[in-house]
Amino acid sequence: MHAELFGRTVELDADSVAASEDEIRAQVAEYAAGERREFDLSVALADGFAGEVMAKMRAIPYGETRTYGEIADALDSAPVAVGRACGANPVPLVVPCHRVVGVDSLGGYSAGDGPALKRRLLELEGARE
């Protein structure tokens, strides 16, 4: 499914979320308007390592970031592997992969128009890069 956010289209795998597309879009709109800090949606996490990374991303509070390395250390893995798992996130925004950044860079982002949208989301949340 597609959700519009700041004039950009974000692709979300609706099959990974136990909610109607209308409910998902409504919550995305509330988030974009600054009226929602967390998504109240049940998300099916991927199997294996990708699911472990998704769980770590979901635990990052609104307005905060973690580095790829911090998540990798917590999972006894490598930052590159965490970056790959972030890039494969089927529900960006709902599982906030935009809150995962590089030590000295913004890092990538697989949704919308990429890093420009990631920067906009972090600005919305008042997070430091």
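## The largest pocket

How do the residues of the lining of the largest pocket divide into nonpolar, polar and charged? Eight of them are nonpolar, none is polar and four are charged. Before going further, please keep in mind that this structure is a predicted model.

The largest pocket has a volume of about 180 Å³. Several stretches of the chain contribute to its lining: Arg37, Glu38 and Phe39 take part, as do Arg58, Ala59, Ile60, Pro61 and Tyr62, and the list is completed by Leu93, Val94, Pro96 and Arg99.

One of these lining residues, Leu93, deserves a closer look. You will find Leu93 in the loop between helix H4 (79-87) and strand S4 (100-101). Its phi is near 85°, which is a positive value in a residue other than glycine. Is Leu93 buried or exposed? With a relative accessibility of 3%, Leu93 counts as buried, because the cut-off for buried is under 20%.

## The hairpin of S1 and S2

Let us move to strands S1 (2-5) and S2 (8-11). These two strands pair in the antiparallel sense, over four bridges. If you would like a place to start looking, take Ala3, whose bridge partner in S2 is Val10. Together S1 and S2 make a hairpin, with two residues between them.

The side chains along S1 alternate. Ala3 and Leu5 point to one face and are buried, while His2 and Glu4 point to the other face and are not buried.

Which residue in the turn has a positive phi? It is Phe6, with a phi of about 55°, even though Phe6 is not a glycine. Phe6 has a relative accessibility of 26%, so this residue counts as partly exposed.

## Salt bridges

How many salt bridges does a search of the whole structure find? The search finds five, and three of them are described here, beginning with Asp113 and Arg8. In general, side chains of opposite charge can pair when their charged atoms come close.

The side chains of Asp113 and Arg8 meet in a salt bridge, at 2.9 Å from N to O. Asp113 lies in the loop between S4 and helix H5 (115-125), whereas Arg8 is in strand S2, so this pair ties together parts that are 105 residues apart in sequence. Asp113 itself is partly exposed, with a relative accessible area of 43%.

Glu30 and Arg36 form another salt bridge, and their closest N and O atoms are 2.8 Å apart. The two partners fall into separate classes: Glu30 counts as partly exposed at 29% relative accessibility, but Arg36 counts as buried at 18%. Glu64 also forms a salt bridge, with Arg66 as its partner and 3.0 Å between the closest N and O atoms. Here Glu64 counts as partly exposed at 34% relative accessibility, and Arg66 counts as partly exposed at 28%.

## Gln27 and its contacts

Our last stop is Gln27, which sits in helix H1 (residues 21-32). At a relative accessibility of 2%, Gln27 counts as buried.

Which residues is Gln27 in contact with, leaving aside its neighbours within four places in sequence? They are Arg36, Phe39, Asp40 and Leu41. Two of these names have already come up: Arg36 is the salt-bridge partner of Glu30, and Phe39 is among the residues that line the largest pocket.

Methods
Residues numbered from 1 in each chain as written. Predicted model: local features only at pLDDT ≥ 70, side-chain atom pairs only at ≥ 80, totals over all residues. Heavy atoms only, no water. Buried < 20%, exposed > 50% of the residue type's maximum accessible area, 1.4 Å probe, protein only. 1 Å grid on protein atoms, 1.4 Å probe; cavity = no way out; pocket = protein on both sides within 12 Å on 5 of 7 lines; lining within 4 Å. Points joined across faces, edges and corners; volume = space filled by probe spheres on them. Nonpolar A, V, L, I, M, F, W, Y, C, P; charged D, E, K, R; others polar. Contact = heavy atoms within 4.5 Å. Salt bridge = Lys/Arg side-chain N within 4 Å of Asp/Glu carboxyl O. Pairing = 2+ DSSP bridges.
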